[in-house]
Structure formats: structure tokens, C-alpha cells
Amino acid sequence: MLKRSLLTLGCLVLPAWASADTIRGVVLDEVGQPISGATVQVVGTRTSTQTNSTGEFALEELSSDDVELHVRAPRFMHKNAHVHGGDTSLTITLDETVMEVIDVTGLPWHVSQLESATPVTVLSGESLRDQQAATLGDTLGKQIGVHSSYYGPVASTPIIRGLSGPRVLVAQNGLDVGDVSRSGPDHAVTGEATTARQVEILRGPATLFYGNGAIGGVVNVVDDRIPQDLDTFGQFQLEYNGANSEPVVQGSANVAAGDFAFHVDGFWRDADDLEVPEFAEANPDADAAYGVLENSAYDSQGATIGGSYISDSGFTGISVGRLERTYGIPGHSHDGISVQADLEQDRVQLVSEYSFDHSLVSEARFRYGYTDYQHQEVEGDAIGTIFSTELHEARLDLYHQPLAEWRGAFSLHGKREESWARGEEAFAPPATTESIAAAVMEERHFGDWLLQIGGRLELIQIDATDVLLDGEGERGVYRSDHEFTPYSVSVGTVWDFAEGYNLGLSVSHSQRAPSTAESLSFGPHIGAGTYEVGALFDILANDEGDWVVNFSEQPLELETANNIDISLRKFSGNIGFVVGAFYNQIDNFYYERATGLFEESGHDHDHAEDEHDHAEDEHDHAEDEHEGEDELLPVYQFTSADTELYGLEGEVHWQVADPLILRLSADYIRATLRDGGNLPRIPPMRLGLQAEYASGSWLMSASATHYFKADETAELETSTDAYTWLDVEVSYTLPVLDGAKLFLRGDNLLNETARVHSSFIKDIAPRAARSASAGIRVSF
């Protein structure tokens, strides 16, 4: 049905030639000097040109007399210009900025992160390479509003403004990565930033663009695996990380041959157990002593090939990739045998984008992704639990010609996901989730104001088989079918109220259907240290702690969020900043509530114990367990409640002098239940300062981030101490190999015992001890 609908819409794109016009102009800076090499692109098409040495440009044989130009140049703010009529001579002035300005691909509109009504952060280029880590969560951990779940160095998922799991979508080139990381903190994210061009973080609800699973935000990994032009470029990097004796090798290249372009990339990592600071309680006389986080070693490798046919009006391309990763799960062992995860993923993506000289349609973009994912939890030579997912996803965006100066697109988006788990820790039943959605997104300039509006309607069907129930009068295996129709609407505006300033405001209403894990879980989830019961069930317990479950008489409700974001930006001059605030009211928010009950895990299980006598948190046991005994797990039930999340975010960039720049950042998140109490594992407030000094071929940077004490805790949750994380990096650009870069980096120079409050295993898995890394990076 989905394929037929996409084909029908695609057939509507028929040529209808319009009149041709020419636009000429010049691009200048603030003092009237020409800017050479600036890119001038016709929005909604692939037509573009660059300015010459005198800043002049010409765009000929345009298909419309009403066009919008997007002008960009390094170190300058981007600018949009509307042109009406035939031959036109334009003068476009760009403002120089200390802020890095990057176009965002994860939004339907052609904007940079400083021009969007939706809060966006983009990590790219050398900044992305400098922040790369083994997991996506750790790679993004310093970005404002973003934290990490941190399951040691092996599995860390992004947390955006306190929300994670099924509320934050991790995408690759706009399509779901298709792993099972959203169902458990010990499951690795397969989104790989090693060979990415940039990583985009959409903070706040992005359901309008990405659907049901993006009510808390999106992390979009953008790469060049499907070439979009005939440019030849590439890069490779060799690195050694001292914290876990990890060599890293990665590289990628794009080359052209006639009208075809080809891509290849690959990476390899192989790490030992992570060095962590020795706990003071275990060794009070130690001076910067080190310990080891047991079962935290991993090895990972992947490769992708891709190719495209490139024409003047667009491209069609495909990529095929393979990812393999084996990693230990800290704190997870059976009968004294450490448990490891063996992950394999195959992924195919097809992308086609074309511009049209049609009276109605200006551009069509089609994306299709297929992902086959599986990971096995291995105990010695035996396979314990197997998790598997097969995902098909397709999206068609049709952009229309300007209608009364409104520009926008209609989108049709479909997904089919089959997931199942088999084994002792298969805490959720097999399920098939199908969805299809239609969305419309529009924008228009009104003088100094930019208005963006949109709406999305989605149909979701969840069919779960083998739902096991062991309750009074309801014992047996059942089938569960649910249908939801969430919708989302948003309105945003950007006001250029003064030269070099703008104000962004967005308001959205978003809905989300509960995931299979939230609604149908019933069993031990060892990675989280819990026995989980889904929202579809009711727990019946007596005073002795005995309990059973029955199907709930209450229907599953849609989670509904009403969000407002406001951002003030200054981008001209030697000082630039972005400061913002958000408020998110979520009704029927699904979260795990402590019941005070306990249940046997189902087999002998040994949790790695902390080396000091820590206080019990929400996942600690009520009593000490002994090796060889069937462990008791605390019972948590997914329940819904009305919540409020709000916070502040900001960053300031100050070009103190030509060689020196300072960056100050801060974020604060507060998450409460409306009836009283706090949500668990909400990241603490933090404050960061970075200094960067360039002198010739040398570049030196130092950053310090202070994480405040996390003491606004949920029921049975313990607080987490404050700490300061200090990094220093020195790099030297060689006069060979197109400017190869040698770098040396020191992490956690204060050797702090840094525990991540949002981590399920914070008491046994602090962040790495003091360490050094070194490498070489080459781009061409």
C-alpha cells in the first residue's frame, strides 16, 4: 500500500516548462568589500553558482520569475533574498560572525542552525573529529542540552533535555538507524559518527518532521555515503586512546567517473577494559590510583560502499553497509561468567532527489532504508538472549513552487518494523509496528519576520504476539493489537529585530504512542537491573510482597506534549551568543515507577559490586545477594503521569583577539511530576568554558566542564556528587599531505571519579580516569 502511494505521487511530477529569467548581483561584506567564493543557490532547486573575485554572480535560465536565493560563505551569516521579475541586479550584504554557521539537512527548510525557529545544534568538521568517541552519546556529550545515558564506554545513548529512549530518534541521513537502543540502556546505538560529515541535534519535539518517536528530539548523523555531486574528497585518521588501550583506524573517500560518483568508508576499533579512578574508600592512601571497569572491552568494525548517478537536475544513489560490534556489558554476569553482546547490522539506503521545471512541483526527494539488525547476549560459549529487528522505511517529500510567496512541501512517510527477542531476558514480546503519515510544512517571509507552520497526521498499528500473562484468572499466551492516530502541529517564527540579532520562537503540540517495551514488557531486564511490567497490565500485590498481574481495564493513552521554545541570538561582531529557554508540558508521560516489590530474575545472576559501600539507589537490591543464588530484582511498572520539563540553555563565543577565542556554555533541566515528585535520572546543571589559541601551524585548546551535584531525585534514587572534567588538546598542521594534522589530547586531567547521574550503573561505572590520546588526521 505504501509503495503504491509513493508511486502514485511520484507520477504526478510531469514537466511543464515555465519562462526563463536571469538574476545578476554582487555579494559584499559589512564594509562594502566583495566576498569571493560565496555560494548563491536557488532555494528548492539544485541551481547554484559562486561569486568571482569581485563578488559578482549570475544565475541564468531560471524557470520562474519568483525565486528565493540562499547565500552563504565561510565566517559569514547566511542570508535569504527574494527576487521578483526578470533581469535583476542585486546587492547582498553578509554579516561576519564569530559563530560557526552550518546548513541543516534534517529540516525541510533551507536554513542554518542560527536561522531556525526550532533549536538546532550542529557538530561538524574538525569540531566533530575532536569530539569523536566510541559511542554516539559520548561524542555529543558536550553539546548544550545533550547528555548521555552512559553504560560505560560500550553503550551510551543521547539524552536531549532529560528525554531519551523511545522519545529521541537517532537517524542516519534522515532515516531511523533501526537498532534496539531505545528499549534498553545496555543496547548500543548503531549510528556511527566516525565517518560522518556532521551530526545535527534537533532539541525539542521533532515529531512533525520525523514522526512518533521524536517527541523529545532527533540526532541525525549526516554522511556522504550516497554522493550528491561529482566532487572528489576524503579523509583518514589514525588514533590511539590511552584510557582503554584503543587503536582507531577510519577513513572515507568520494571519487567521480563521468556522470557517476562512488563512495567507500570503513573503521575499526579494538579496546581493552576501561581504566577508571580507584575509589577512595577502597584505597584511601592512593595518590591518583587507577582501577579497571570489568567487562567493558569492545571491538567494532564497519564498512560501506555507495554510488550515485549525477545529472544537472539531481541524483539517484544507493549505499550498502555492514556493522559488527562485540562488547562486554559491565555489571552483567551469569554464574560468574561475564556477558557480552555480539551485534551485527546490515543497512541499505536509497536516495533520489530531483528538481523540476514544473508549474506546481519544484523538487522531489525520495528516501528508502532497509535495516536488518541482530545482537546476541553471549555467556561464555552459550547464547543467552537474542534481540532482532527488521525495519523498512520510506519517505517522499514533494516541494511546491512558491504560492503567494509561501514555500513548503508535502510529505508521505511510512515504516514497518518487526522486532522480537528470544531467551531468558526477553522482557518484551514479538511485535510488528506499522505506521503511515502525511505531513505538510510551509514557510513565508514577512519583512523581517520568517513564519514556519506545519502539521502531521499518523496512523500506527502495533500487533504483538505471544504476550505472556501469569495472573489470577488470566494465565496464558495472548495476542495484543493496538491502533493509534497521533497528530502534531507547530508554529515557529524568527524575527530579525536588529542588525546582527534575531529572536526565535516555536510552539508545538505533539503526540506519541507508547512503545512495545513501555506497554507490553513483562520480565527481567538485567541491563537495567529491574523486573519490568508494562502499562498494559495491573499489578495485584498483598502485604507479604506476593504479586500477580492482570490486563488493565484502562486503555493505553497517547502521550501528549505541549512545548514552547524561545531563543535570542547575536551573531555579528566579536561576541556572539545563543541563549534560550523551554517549557514542555507532557500529559500521560510513560515512565518506570518503583513498586517496592521484588521478583526472581529467573537464573543465577551476579551483579558486579561497587568497591565502596554506596547508598542504595532505585536499582540496588534490598539485601545482599550471594553468588549462585537466584537474584531478586526490584519490580518497576511503566505508568503514565502528567509531567513538566523546563530549562535554560546558552552559549557565548568571544573572539578576544585574532588567535584567541573563548566559549562559555551552560544548561539546566528540571523535570517534575505535576502531582509532586521528580522524574528519575535527570541530568544535573553544568557549566563549561573552552579556550582556543591558534599560532601558525599550532592550535591549542583547553576545556573545563563542571557538573553540579544532582540532588533533585526521584523516589528511591540517590544523589550524585559534583565533579569537574578537564581536557586539553594540542595539534600541529604539517606542511605535507594537504595539511595533515597531528594531535595530542589529555582527558580528565584532574582524575575525577566522575559518575553520570543518568546512568543505570553509575555506582559501578564511573567515567574514564586521567588518560592521553594521540593521532594523525588527513583530509584531501
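How many bridges pair strand 39 with strand 40 (residues 698–707), and in which sense do the two strands run? Select both strands: they pair over ten bridges, in the antiparallel sense. Keep in mind throughout that the model is predicted.

**Stop 1: strands 38, 39 and 40**

Stay on this pair and show side chains. Leucine 687 stands opposite histidine 706 in strand 40. Now go to the turn of the hairpin, where two residues lie between strand 39 and strand 40. Pick glycine 696 there; its phi is positive, near 60°.

Next add strand 38 (residues 660–673) to the selection. Strand 38 and strand 39 (residues 686–695) run antiparallel and are joined by eight bridges. To find one facing position, select leucine 664 and look across to leucine 689 in strand 39.

**Stop 2: a five-stranded open sheet**

Move to strands 8, 13, 14, 11 and 12. They form an open sheet in the order 8-13-14-11-12, and the pairing is mixed. Colour strand 8 (120–124) and strand 12 (175–176) apart from the others: these are the edge strands, and each pairs on one side only.

Inside this sheet, select strand 13 (residues 198–203) and strand 14 (residues 217–222). Six bridges hold this antiparallel pairing. Isoleucine 201 has valine 219 of strand 14 as its bridge partner. As a guide to reading the side chains, those of a regular strand alternate between the two faces of the sheet.

**Stop 3: the largest cavity**

Turn on a display of internal voids. There are eight cavities of 30 Å³ or more, and the largest has a volume of about 800 Å³. Centre the view on Arg182, Glu417, Thr433, Ser515 and Thr516, which of the 40 lining residues are the closest to the centre of this cavity.

Which elements give two or more residues to this lining? Select strand 11 (168–172), strand 24 (382–400), strand 25 (407–422), strand 26, strand 27 and helix 5 (516–520). Strand 25 gives the most, with six residues. Coloured by class, the lining of the largest cavity shows 19 nonpolar, 13 polar and eight charged residues.

**Stop 4: the second largest cavity**

Select Ser164, Gly165, Pro166, Arg681 and Phe760 next. Among the 34 residues that line the second largest cavity, these lie nearest its centre. The space inside comes to about 650 Å³.

Strand 11 and helix 5 serve this lining too, each with two or more residues, as do strand 10 (158–160) and strand 36 (575–604). The most comes from strand 36, which supplies four residues. By class, 17 lining residues of the second largest cavity are nonpolar, eleven are polar and six are charged.

**Stop 5: the second largest pocket**

Now switch to open sites. Select His78, Lys79, Asn80, His445 and Asp496, which lie nearest the centre of the second largest pocket among its 27 lining residues. This pocket has a volume of about 670 Å³.

Five strands each supply at least two residues of its lining: strand 6 (79–84), strand 26 (431–446), strand 27 (449–469), strand 29 (487–498) and strand 30 (501–512). Strand 6 gives the most, with four residues. The lining of this pocket holds ten nonpolar, nine polar and eight charged residues.

**Stop 6: aromatic rings**

The structure holds eleven aromatic pairs. One of them joins phenylalanine 522 and phenylalanine 537, whose rings are tilted at 45° between the planes and stand 5.8 Å apart, centre to centre. Along the chain the two are 15 residues apart, with phenylalanine 522 in strand 31 (residues 522–525) and phenylalanine 537 in strand 33 (residues 537–541).

Are these two rings buried or exposed? Phenylalanine 522 is buried because its relative accessible area of 19% falls under the 20% limit. Phenylalanine 537, at 1%, is also buried. Extend the selection to Tyr531, Trp547 and Phe551, which ring pairs link with Phe522 and Phe537 into a cluster.

**Stop 7: arginines over rings**

Finish with two arginine–ring contacts. Select arginine 167 and phenylalanine 589: the arginine lies over the face of the ring, 3.8 Å from the ring centre. Then select arginine 777, which lies over the face of phenylalanine 743 at 4.7 Å from the ring centre.

How values were computed:
Residues are numbered from 1 along each chain as its sequence is written. This is a predicted model: local features need pLDDT of at least 70, side-chain atom pairs count only at pLDDT 80 or more; totals for chains, interfaces and linings use all residues. Side-chain values use heavy atoms; hydrogens and water are left out. On a 1 Å grid over the protein atoms alone, a cavity is a set of points where a 1.4 Å probe fits but cannot get out, and a pocket is an open set with protein on both sides within 12 Å along at least five of seven lines; lining residues have an atom within 4 Å of a point. Grid points are joined across faces, edges and corners, and a volume is the space filled by probe spheres set on the points. Ala, Val, Leu, Ile, Met, Phe, Trp, Tyr, Cys and Pro count as nonpolar, Asp, Glu, Lys and Arg as charged, and the others, Gly among them, as polar. Rings of Phe, Tyr and Trp (its six-membered ring) pair if their centres lie within 6.5 Å; planes under 30 degrees apart count as stacked, over 60 as edge-to-face and the rest as tilted. Buried means under 20% relative accessible area, exposed over 50%, partly exposed in between (1.4 Å probe, protein chains only). A charge sits over a ring if NZ of Lys or CZ of Arg is within 6 Å of the ring centre and within 35 degrees of the ring normal. Two strands pair if DSSP finds at least two bridges between them.
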